[in-house]
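Trainee: I have a model open and would like to learn how to read its features one at a time. Where should we begin?

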Amino acid sequence: FFMAGNWPIFVAAIVGLVIVVWRRPSGVLLLPLLLLGLASTHLGIRFTMYGGAILGIGLACGSALLLQRVKAPRLISVIVQLAILVAVSWPIVKTVEALEPAPVVDAPLVSALLDLKQQAAADAQVWVRWDIGYAVQYYAERITLVDGYRNSAEEIFPVTFVNAAPSPLSAYQMIVRNAQLQKLSTPLPIKGVRRPISSNPFPDLINQLSSDDFNAYLFDLKRPKVAWAHELPEQYLLLDWDGLHKAHTVLNYGRWDFVQGKSASGVFFEIPKKAKLNRQAGVLTLGSKPYPLRSLNQVSDQQFKRLLWPKNAGWHAIDRAGEGVTMLLDEAAYQSMMVQMLLADPQAFAPYFELVVDHFPDVRIYRVNPILVDLPTGTSLFSGANYGQ
């Protein structure tokens, strides 16, 4: 579908490609690229770019060779090619019309990063989604654990784990343990950098440990076992509104079960805002499909209001003024740190995290607190005590 626009065009292109190979046997050299395109179902959507051009050759050249074979008049050939052009372009036009242009880096994010630049130590590391890693490096002039180049599934796992974590403790433990492992690692051999860049330890960790051992390692993050060390560089966690729209991908990676070989992610999707809400019953209805709600989180540029229906065993909705969609999340997705730390009271994440840049609801940046104490197994930390001091 992503290579051709719709199924009829895809089938016609395959038939045309068969004609091309039949009439011009050297066309068999195109097939490996087509196979790469078809493999996008497993390798990722980017691989569709290899198949799209080949399907185009099948449509255009296949139809031309067929018309040439039946000795069709030239005018008929021109009309057929123009018809193919319209048929191929129409899905693209409709897709473009449905898309709303949006900046890759918006003003609130830039402003937040400039604020961070004034506060963070020069060797600080920022935990942020890979697709805005370069923006952090440029505007805040601080290193990130992942970016547009360092974005393999193994590399982004610790960042997605922190975003998908069900508690601030698990997120905190992941960040601190990662920082400790980085401290022991050899800096990346990159020339021209102002300061050494520590390697991401998780690709090696994932490949070296068995699935059972790595799952046990992740389970251990739920306990307050590791304390901060004086020599570790500052760590910051950035959450942004755009990240909520990518929650499905983040949760899919961050809650991967290495034993089962599949994700245990929470459920997240978006529906058009034209859905109607029954406030008394707490039911959101789109057409004939009802969505019982446990909460409705109404967000504007300055305010946050939550409506609750505690008796409902349903969805959590997030609705922002000015957006055309409403986000629906199940309990697991809603309780993840990427949602809670962006929308909830920042004091709820003490003593592990301290809010240092607040551009609610677009961007929030937390500093990971240096809790300089020994933490015996089973110790609980409470926000009432000043552990940082």
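Mentor: Let us begin with a charge and a ring, bearing in mind that this is a predicted model. The charged end of R320 sits over the ring of W241, at 5.0 Å from the ring centre.

Trainee: Which residue is the bridge partner of R320?

Mentor: R320 lies in β11, where it is the bridge partner of V299. Strand β9 (residues 289-299) runs parallel to β11 and is joined to it by 6 bridges, whereas β12 (residues 325-329) pairs with β11 in the antiparallel sense over 3 bridges. In that second pairing, H316 has L329 of β12 as its bridge partner. The two strands β11 and β12 form a hairpin with 4 residues between them, and G322 in the turn has a positive phi of about 95°.

Trainee: How many of the residues of strand β11 are buried?

Mentor: In β11 (residues 315-320), 5 of the 6 residues are buried, so the strand is largely enclosed by the rest of the structure.

Trainee: How should I read a helix in the same spirit, and which residues of α11 are buried?

Mentor: The general idea is that an α-helix has 3.6 residues a turn, so residues three or four places apart point the same way. In helix α11 (residues 211-219), the buried residues are F214, Y217 and L218. They cover an arc of only 95° around the axis, which puts them on the same side of α11. On the other side, D212 and F219 are exposed. The buried residues of α11 pack against α8 (153-164), α9 and α10 (202-208).

Trainee: What is the size of the largest nonpolar core, and which residues have the most contacts inside it?

Mentor: That core has 54 residues, and those with the most contacts inside it are F157, M174, F214, L218 and F353. Helix α9 (residues 168-184) gives the most to this core, with 7 residues. Leaving aside residues up to four places away in sequence, M174 touches several others, among them W127, F157, F202 and L218.

Trainee: How do I read the geometry of an aromatic pair, for instance Y172 and Y352?

Mentor: One looks at the distance between the ring centres and the angle between the planes; here the centres are 5.3 Å apart and the planes are at 50°, so the pair Y172 and Y352 is tilted. The pair links distant parts of the chain, 180 residues apart, with Y172 in helix α9 and Y352 in the loop between α15 (337-343) and β13 (353-359). Y172 is buried at a relative accessible area of 1%, and Y352 is buried at 8%.

Key: Residues are numbered from 1 along each chain as its sequence is written. This is a predicted model: local features need pLDDT of at least 70, side-chain atom pairs count only at pLDDT 80 or more; totals for chains, interfaces and linings use all residues. Side-chain values use heavy atoms; hydrogens and water are left out. A nonpolar core is a set of buried Ala, Val, Leu, Ile, Met, Phe, Trp, Tyr and Cys residues joined through side-chain atoms within 4.5 Å. Buried means under 20% relative accessible area, exposed over 50%, partly exposed in between (1.4 Å probe, protein chains only). Contact means heavy atoms within 4.5 Å. The arc is that of the directions from the helix axis to the C-beta atoms. Two strands pair if DSSP finds at least two bridges between them. Rings of Phe, Tyr and Trp (its six-membered ring) pair if their centres lie within 6.5 Å; planes under 30 degrees apart count as stacked, over 60 as edge-to-face and the rest as tilted. A charge sits over a ring if NZ of Lys or CZ of Arg is within 6 Å of the ring centre and within 35 degrees of the ring normal.
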